[in-house]
Amino acid sequence: MQPGKLAGVLAIWGITLLYVLFQGGKTSFMLFIMVTVLLLYLIIGGLGGVRRARGTRSLYSEQDKPDLLYAGGFLRVKLSIAIPGFLPLPYVVVREILKRHNGESWVFEESLIPNLKGRGELHFQTPALERGHYTFEGTDILAEDIFGLVEHKGTFHAEGQFRVLPRSVFVPRWQLYERRARLAGPQASLVPSRRETTQINGVRDYVYGDRLTRIHWNATAKTGDWKSKEFEHESIPKTVLVLDGSASAYGSSNQFELAVSVTSSLLGYGIRERIGIGMCCLDKNTKVFSPAEGSAERQKMIQYLIDINAEGRGPLITRLEKAYRMFPKGSYFVLISPQSGQPVLDVLRWAESRGMTPSQIHVHNPAAKNRNQEWMDVLASRGITGCSVSSLQELPAVLGGDRVI
């Protein structure tokens, strides 16, 4: 209770007490009893009610896993609240705080009318969320008595956390491998595409268009569903995606999110094409994932991208030197960075000196109007593959060679 209201209630109670003592009579006594009951109601309401409130939270989304969704999506939240006690409450105000891993937070506040048993449900929807790890903080329950004299507050913690994956697009084709197929040298790919060998690697579901010679008749007879033979593919060089997480390199948070989304999209391409693909993040700490073809390894890389921030400091070369043993020789070294000029040339020469084939995906600031065409010409003059992207939607066309910038 606010000090002013508390002083007023006590003053009224004291006046009624003096009225009983000095005046007497049924009227004064009845008035004193009414004020005393009101005071007891305020005290009992402060000791129980919303202070002992409890609740549970449920998360819903259109995907199979509500605790894992992609950037740009949203969640539906259901909060079930139970308020013990027998005193009636006209309404309660529920305040929720959703916190992101980088410190950003959102406050959701809504009123709720509990039933006679003190139970109620609150439904709300989060806004479109970006990549990150989200957690619901403690839930505050605010209520006033029926006279509006006292505000009661209770807090409880209902478990609720989820992760938002980076945005990604489907990349059907990457011209990097086709270009290298026309170049000579030990790092060049031997074939323009991954042709299948005659070695059977397993069984997969039948896909419309498969030839009769490809159908696995024994597996089809055992399962009752059409099955096809899965053949091994010819090997091609491994790939390492190097994500630049330098704090001074990015002009805005959207530019860094674009770099993370490009990395996530290329990881998806590597898994679909069965390419041994790894990742190196030059963030606050240098983290390297060795090239692998399995989906489990890709999930580890994606999970690492969820919480990453542009907090790197220092030259790229210095941070790469700490983990140079993790880079396999003969692999493709793909630098995803907004930087250009001599620092990037030093990195690409560093990769080439260690037997890797360097290239760069230049992440252009979406807010800028002019592209760095001169930098692309510099890379081309040195025989280095390079492309520039300013939005995630144009990535498939740029990588596929439909629009080289």
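## A tour from a surface patch to a buried glycine

Begin by selecting Tyr206, Tyr208, Leu212, Trp217 and Trp226, which in this predicted model make a nonpolar surface patch of about 700 Å². Of these residues, keep Trp217 highlighted and display the secondary structure around it, where you will find that tryptophan 217 belongs to helix α4, covering residues 217–223.

Before going further, show the whole chain as a cartoon, in which 10 helices and 18 strands can be followed. Buried residues account for 44% of the 405 residues, while the accessible surface of the chain amounts to about 21,700 Å², with 54% of that surface belonging to carbon and sulfur atoms. If contacts are restricted to residues at least 6 apart in sequence, 69% of them join residues that are at least 24 apart.

Next, colour the open sheet of six strands, whose order is β15-β14-β13-β16-β17-β18 and whose pairing is mixed. At its edges stand β15 (286–292) and β18 (385–389), and because each has a single partner strand, one side of each is left without a neighbour in the sheet. Looking across this sheet, neighbouring strands are turned by 15 degrees against each other on average, direction ignored.

Now select strand β13 (residues 239–244) together with strand β14 (residues 277–282), two strands that run parallel and are joined by six bridges. To inspect one pairing within this part of the sheet, pick valine 240, whose bridge partner in β14 is glycine 278. Then add helix α5 (residues 253–272), which packs on the sheet and touches β13, β14, β16 (332–337), β17 (357–363) and β18. The direction of helix α5 makes about 170 degrees with that of β13.

The last stop is glycine 312, which should be sought in the loop between α6 (295–306) and α7 (316–321). Is glycine 312 buried or exposed? With a relative accessible area of 3%, it falls under the 20% limit and is therefore buried. Which residues are in contact with glycine 312, leaving aside its neighbours within four places in sequence? Select Gly245, Ser246, Ala247, Leu282, Asp283, Lys284 and Arg319 to display these contacts. Among them, serine 246 deserves a distance label, since glycine 312 and serine 246 are 66 residues apart in sequence, yet their C-alpha atoms are 4.1 Å apart in space. Leu282, also on that contact list, leads back to the sheet, as strand β14 comprises residues 277–282.

Methods:
Residues numbered from 1 in each chain as written. Predicted model: local features only at pLDDT ≥ 70, side-chain atom pairs only at ≥ 80, totals over all residues. Heavy atoms only, no water. Patch = residues over 30% accessible without salt bridge, like charges linked within 9 Å, V, L, I, M, F, W, Y side chains within 5 Å. Areas by Shrake-Rupley, 256 points an atom, 1.4 Å probe, with all protein chains shown as cover. Salt bridge = Lys/Arg side-chain N within 4 Å of Asp/Glu carboxyl O. Helix = DSSP H or I, 4+ residues; strand = E, 2+ residues; numbered from the N terminus. Pairing = 2+ DSSP bridges. Axes fitted to C-alpha atoms, helices over the stretch in contact; angles between N-to-C directions. Contact = heavy atoms within 4.5 Å. Buried < 20%, exposed > 50% of the residue type's maximum accessible area, 1.4 Å probe, protein only.
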